[in-house]
Amino acid sequence: MALKARHKRFILIGIGLGLIGLAAMLILNAFQSNMVFFYTPTQAAQGDVPKNTSFRIGGLVEENSFKRGEDGLSVRFVITDTAKTVPVLYKGVLPDLFKEGKGVVAQGKLGEDGMFTASEVLAKHDENYMPPEAAEALKQAQTQSNTVVMPK
Amino acid sequence: MVANEQSQSNRQNCDKDVDVIPEIGHFSLILALLTAVLLGSIPLIGAARGNAVWIGLAKPLVNVQFLLIAFAFICLAYAFATNDFSVAYVAKNSNSKLPLQFRIAAVWGGHEGSLLLWALILSMWTVAVGLFSKHIPDNMRARILGVMGLVSVGFLLFMLIASNPFERMIPAALDGSDLNPLLQDPGMIFHPPMLYMGYVGFSVAFAFSIAALLGGQLDAAWARWSRPWTTLAWVFLTIGIMLGSNWAYYELGWGGWWFWDAVENASFMPWLVGTALIHSLAVTEKRGSFKAWTVLLAICAFSLSLLGTFLVRSGVITSVHAFATDPRRGVFILAFLVVVIGGSLALYAWRAPKIGRGGQFDVVSRESFLLANNVLLAVAAMAVLLGTLYPLFVDALGYGKISVGPPYFDAVFAPLMAPALFLMGVGPIARWKESSLPELATRLRWALAISLILAIALPFALGNFTAWIGFGLFLAFWVFVTSFELIYKRLAKSTGSLMARIQANSRSWWGMVIAHLGIAVFTLGVTIVKGYESEIAVKMAPGEVAHLAGYDFTFDGVKAVQGPNFEASVGQIHVSKNGKLRTVLEPQKRIYTVSGMPMTEAGISPHFIHDLYASLGEPLGDGAWSVRIYHKPMVEWIWFGCLMMGFGGILAIADKRYRLRNRSKNDTPSNTSGAAV
């Protein structure tokens, strides 16, 4: 009888561990395939970005680059990190705080023609705060311009 | 601190109506810290040495601590109410044009004030434990209150060192920079206090566990004492999360009710672990098993509450580097988390083996079903933790920026929760210790057949069948049908009138059933809204009509309305079906004058069957606007399900077995410490 009880516990522990292992696999798999990476316009211009996969790009909306299509919903604008720019196409309602000269983060795919088709344009939370990704892009462009552009 | 005194004297020279209330509040906080230090030491030492006088000090200290913190809180609220912009925190989070109710809610609108709210709520829970624990042995109670005092020391110290809400500003601001417009909403008045009641409430379960580890007493009685507290905290957290979700739904204007963003996840992780905890406590009370696991869950639930508070409030989420702008805060928070989590886990590793095992149980038994539920919930919480913290770690280590969005959480969550929902139909009818699988299958086969048929028939009737919809509906109906079968069997077993039959079952049993039905309602709502919602984004000029889900939305244009501290463009959209007017939606776009920040207020017509929802995008010239229109079938069921869960929890707490113990012990004058109050 004692053996039987022990057997039962082994079965229970075995099932439990098996399920936890399965869950862990599922989680890590989902995790890996759903990570969205962030790139700067400079990286996009250099071709350091994935093809056919969605990623995020951030920077400032370039002044005087914003154009609205006939339907009132398709918009084009240019994201800049002050060194390089990427043209963006988006169809939909823009977030409240979208403005030329302000920080922006877009998620989408980069086409062969260099046009970034955004599926999502992200809002930031208040007037003072720059989306962290956008701030990062500007910072990187600045350090690069200090080191690389100087010799030119 | 020197700067503080200086500012005061400076102000006295130039300002006429200076008052020292903020300084009094500050002083009150310092006294509260001293009280908390005493509370966190004397009763614990007393309990270890068996010194009745030291043990007896716990309750008066608890009351004094509460009065001091409450007084400090009132001082801060007074500074907000009277627009004292010489207080930096008030200047940052309020404005003279802000309506009074939001000025009061602004007390917890920022980092410092929400810590004060946290500390206040902690002291309230501590007082409550002191009041309603006459049936608990004195040394045990002293340990519980002492542990809560230690937690309070951490928070008060943090506030006084690095986040003082009473700090003055030289020179005083002429006016405040206003509360974030996102937060200027009735949701701000109720959601954070509710959520904090839940977060902090888990400190009680935590303190019970630590006290049990310290004292080495962990039995069915201990579980019965800590159960109502844990359930109550869980109820608050459930309602708090529900309010937050509903708030996001109408405030953000995107029609979403859950975004899997870090702030939401921070509240959801303690909920998941807390849910596991209330189930595990049931086993510990009824069968004496799962003791060590229960204690571990209690530690985890509270640790995640702490983590959640700091994640949301320290600004790490918006930017890891915000942490670095005030290194004192970051270092303190990390140190505090390490001490609380590391310390309690170390204590657990040391003492848990002494707690002992509970009763044996079979592979097929209610215990093992509940164990499976616990494991699933714990794994789900870990998956959320991974998705929330990993991007922060990657960023902090300088490996670039990544984001983990809703697709990850959806992909992970559904497969983990599906078996948990399935087990909800099986667990409550399985016998403790040893159950029979064939017997369960026989009893459940009709429920299985009915829910399968409904899950296939309903989507076809609604005109859209996908595997996910069918699966979600099956799980919802499964919980419904098995619960009703269970109710029917239980009622049939007893005799008398219907009321008598209902009362023949305990309130905690009814609470369980209603909470489970709440989950079913919630699941049904989620499945239907995910499967059948529709939306359009259109440019609308006045008089133009948009069509969605069989409704005609006519845009009547926008008129300007002046609010107390904002200018609003109020749109009017009347909705009709087959020429008959159904409702009028009035979405707003506000510009808050102080910060210049635009804000969307959705126009919603909530309904039992579906919500009609519209929000304004941007003006496109000539009176035309971009407008988003949503049709959200059964979305209200999501929040109603949460309310049912909360109600179930309250029923469970109201169970006679908690009350009777209380009363019968109250009658016997055995409590020595009562004299000390």
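What share of the 677 residues in chain B is made up of buried residues? In this predicted model, buried residues account for 53% of them, and the sections below take up each chain in turn before coming to the contact that joins the two.

## Chain B

Chain B holds 23 helices and 11 strands, and its C-alpha trace extends about 85 × 80 × 55 Å along the principal axes. The radius of gyration of chain B is 27 Å, which agrees with a compact globule, because a chain of 677 residues folded in that way would have a value near 26 Å.

Among the contacts in chain B with a separation of 6 or more, 76% are formed by residues that lie 24 or more positions apart.

## Chain A

Chain A contains 3 helices and 7 strands, and its elements, read from the N terminus, follow the order α-β-α-β-β-β-β-β-β-α. Of the 152 residues in chain A, 33% are buried, and residues 24 or more positions apart supply 55% of the contacts in this chain with a separation of 6 or more.

One residue of the helix H1 of chain A can serve as a point of reference, namely A:Arg9. A:Arg9 counts as partly exposed, because it has 13 C-beta neighbours inside 10 Å, whereas a residue is called exposed at 12 or fewer and buried at 20 or more. Between the C-alpha atoms of A:Arg9 and A:Lys84, which are 75 residues apart along the chain, the separation is 63 Å.

## The contact between the chains

Chain A contributes 32 residues to the contact and chain B contributes 39 residues. On the side of chain A that touches chain B, the elements that give two or more residues are helix H1 (2-33), strand E1 (35-39) and helix H3 (132-149). The largest share of that side comes from H1(A), with 11 residues, and this is the helix in which A:Arg9 is found. By residue class, the side of chain A that touches chain B divides into 19 nonpolar, 5 polar and 8 charged residues.

## Strand pairing across the contact

Strand E1 of chain A, which is among the elements named above for the side that touches chain B, also pairs with a strand of the partner chain: E1(A) and strand E1 (residues 402-404) of chain B run in the antiparallel sense and are joined over 3 bridges. Within this pairing, A:Phe37 stands opposite B:Ile402, a residue of E1(B).

Definitions and conventions: Residues are numbered from 1 along each chain as its sequence is written. Chains are lettered from A and ligands numbered from 1 in the order in which they are written. This is a predicted model: local features need pLDDT of at least 70, side-chain atom pairs count only at pLDDT 80 or more; totals for chains, interfaces and linings use all residues. Two residues are in contact if their C-beta atoms, placed from the backbone, lie within 7 Å. Helices (H or I, at least four residues) and strands (E, at least two) are DSSP runs, numbered from the N terminus. Ala, Val, Leu, Ile, Met, Phe, Trp, Tyr, Cys and Pro count as nonpolar, Asp, Glu, Lys and Arg as charged, and the others, Gly among them, as polar. Two strands pair if DSSP finds at least two bridges between them. The radius of gyration is taken over C-alpha atoms; the globule rule is 2.2 Å times the number of residues to the power 0.38.
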